[in-house]
Amino acid sequence: VFTTNTTFTSTTVLYGQYYIDDNVILTFDGNMVVDITNCDLVFGKCAGITLMNGAKLRSNNSVYRTCDPTKYWRGIVFDNTGDDHRINDCVFKNAIIANDFINSASMVHGNHYINDYIGLRANNLDLVDLLYEQGITDNEFVIDNPPTLVSRTRRAPRGHGDHRARRGARR
């Protein structure tokens, strides 16, 4: 169980089941390998993982999901980590951005993205080609019954900026 933000600076292996509490970020910082194999990672609301400054992810046959299926978790951010990641046969469920590549790229193969707001995002156009060269293959993106990202209970007032109100006023 992770209840506070935690930073790892050396090679780390995670296996089994882990719970990451609401708003907690696990950060892997530096030239290291993070091995997440056969894991069930259960995230609280807005919790997530950040890899930065050369940290490399090897994730196989693991599930990344929320504790509460009506909420989103933040996802995994790859920030300036290069292009030597391997993400194979994993499930990413209910993430805001499941895999967010910032100045980074990866091989992403055989994964299932279920009810994610965004499954994959690449933020550096210079690396987009590299991301595709690494291989984004045989992945499945499913939207079944996603949680609500923003409350939609308030309606905008009619009249100001509403073309239907203006059009009705001319008649």
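Is tyrosine 113 buried or exposed, and what is its relative accessibility? In this predicted model, tyrosine 113 comes out at 1% relative accessibility, so it counts as buried. Its ring partner is phenylalanine 141, and the two are stacked, with 4.8 Å from centre to centre and 10° between the planes. Phenylalanine 141 has 49% relative accessibility, so this residue counts as partly exposed. The pair also bridges distant parts of the chain: tyrosine 113 belongs to strand β11 (residues 112-114) and phenylalanine 141 to strand β14 (residues 140-142), 28 residues apart.

That is one piece of a bigger aromatic story, as the structure holds 10 aromatic pairs. Another of them brings together phenylalanine 43 and tryptophan 73, whose ring centres are 4.1 Å apart and whose planes meet at 10°, so this pair is stacked too. Here again distant parts of the chain are linked, with phenylalanine 43 in strand β4 and tryptophan 73 in the loop between β7 (63-66) and β8, 30 residues apart. Phenylalanine 43 and tryptophan 73 are both buried. Ring pairs go on to tie Phe43, Tyr64, Trp73, Phe92, Tyr113 and Phe141 into a cluster.

Strand β4, home of phenylalanine 43, also takes part in strand pairing. Covering residues 33-43, β4 runs parallel to strand β6 (residues 56-60), and 5 bridges hold the pairing. Within it, threonine 37 sits opposite asparagine 60 of β6. Strand β6 is joined in turn to strand β8 (residues 75-88) by 3 bridges, again in the parallel sense. There, arginine 58 faces another arginine, number 86 in β8, as its opposite residue.

Technical notes:
Residues are numbered from 1 along each chain as its sequence is written. This is a predicted model: local features need pLDDT of at least 70, side-chain atom pairs count only at pLDDT 80 or more; totals for chains, interfaces and linings use all residues. Side-chain values use heavy atoms; hydrogens and water are left out. Two strands pair if DSSP finds at least two bridges between them. Helices (H or I, at least four residues) and strands (E, at least two) are DSSP runs, numbered from the N terminus. Rings of Phe, Tyr and Trp (its six-membered ring) pair if their centres lie within 6.5 Å; planes under 30 degrees apart count as stacked, over 60 as edge-to-face and the rest as tilted. Buried means under 20% relative accessible area, exposed over 50%, partly exposed in between (1.4 Å probe, protein chains only).
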